[in-house]
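Dear colleague,

Please find below the structure I promised to hand over, together with its sequence. A short account of its strand pairing follows.

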Amino acid sequence: DPEMTWNDATARIFGAKPGTYSSGINLIVYASSWVDQKDISDLFTFSNGYAYGRTAYGKQSYQQLRNSLKNVEVTFDKVMSDEHDLLGCCCYFSNHGGMTAAARELSDKEIKTYYGDTREVSNVEIRTLSEEINRVVSGKQLNPRWIEGQKKHGYKGAGDISKRIGRVYGWEATTEAVEDWIFDDIVKTFISNQENREFFQKNNPWAMEEISRRLMEAYSRKLWQPEEGLIEELQDHYLELESILEEN
């Protein structure tokens with residue numbers, strides 16, 4: 001059927017299988033069950049390989065998605081409100097990051113990754129993904145006022161800090177757009193800082209264990225080149241934390 005062949009060849013809107021949600025990249029990243037970018041690419045195309053359009057509603061189209069991704073040169077998303085940012089949910093790195101990783105793997109070329117900012121309609125800006133990560137991390141994750149606000153919520157506040165750091169790692173795993181200084185400063189802020197470290201130990205040591213484990217995983221996968229002495233300090237505090245968790 002020429003029309004079906006044409007529809008397949010011109011498919012441009014892809015998503016998850018009808019009745020499902022998410023690319024699943026967040027799941028394999030959090031489970032540490034990926035070896036390299038090919039694993040991320042394979043899962044992304046498998047999870048999102050369903051075409052949607054005038055004549056298709058979730059038609060299985062794995063190869064068509066792969067063919068389209070081979071021609072991608074730029075990936076783009078945008079922030080519209082300070083209520084949401086790219087560390088606010090794991091679906092952001094799962095989808096935008098997963099697509100970037102898949103396009104890079106399938107095209108065998110570097111993919112430019114941008115983030116738009118329409119929070120102020122009179123001052124629309126476009127940044128690289130790396131610049132947007134820097135903006136959000138500096139504004140919240142490493143901002144002393146934001147940290148103190150989270151600490152007021154005790155167990156949940158510690159957990160929310162940990163979740164956002166997990167998403168920083170997710171962006172690095174998928175796009176490698178997180179600069180080394182960010183991981184360095186996460187260690188200095190939440191592990192090296194005695195006051196913050198004791199907050200975690202008292203309120204939610206499991207959240208600190210998760211932070212430490214993600215940082216060490218980033219290092220072991222060569223996604224992070226830490227400042228001299230930082231990884232040893234991180235490992236020492238992790239051993240101390242393990243003993244605290246065993247005692248509890």
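**Strand pairing in the model**

Strand β4 (residues 74-79) and strand β5 (residues 112-117) run parallel and are joined by six bridges. Please bear in mind throughout that this is a predicted model.

Within this parallel pair, T75 has T113 of β5 as its bridge partner. The two strands also belong to a β-α-β unit: β4, helix α5 (residues 90-107) and β5 together make this unit, and it is right-handed.

Strand β5 has a further partner in strand β6 (residues 125-128); these two run antiparallel and are connected by four bridges. Here Y114 stands opposite T128 of β6. Strand β5 thus pairs in the parallel sense with β4 and in the antiparallel sense with β6.

Another part of the chain forms an open sheet of three strands, in the order β1-β2-β3 and with antiparallel pairing. Its edge strands are β1 (13-15) and β3 (57-60), each of which pairs on one side only. On average, neighbouring strands of this sheet are turned by 40 degrees against each other, direction ignored.

Between β1 and strand β2 (residues 50-52), the antiparallel pairing extends over three bridges. F14 has A51 as its bridge partner in β2.

When you inspect side chains along these strands, one general point may help: in a regular strand, side chains alternate between the two faces of the sheet.

With kind regards

Technical notes
Residues are numbered from 1 along each chain as its sequence is written. This is a predicted model: local features need pLDDT of at least 70, side-chain atom pairs count only at pLDDT 80 or more; totals for chains, interfaces and linings use all residues. Side-chain values use heavy atoms; hydrogens and water are left out. Two strands pair if DSSP finds at least two bridges between them. Axes are lines fitted to C-alpha atoms, for helices over the stretch in contact, and angles run from 0 to 180 degrees between N-to-C directions. A crossover is right-handed if, with the strands pointing away from the viewer, the path from the first strand over the helix to the second runs clockwise.
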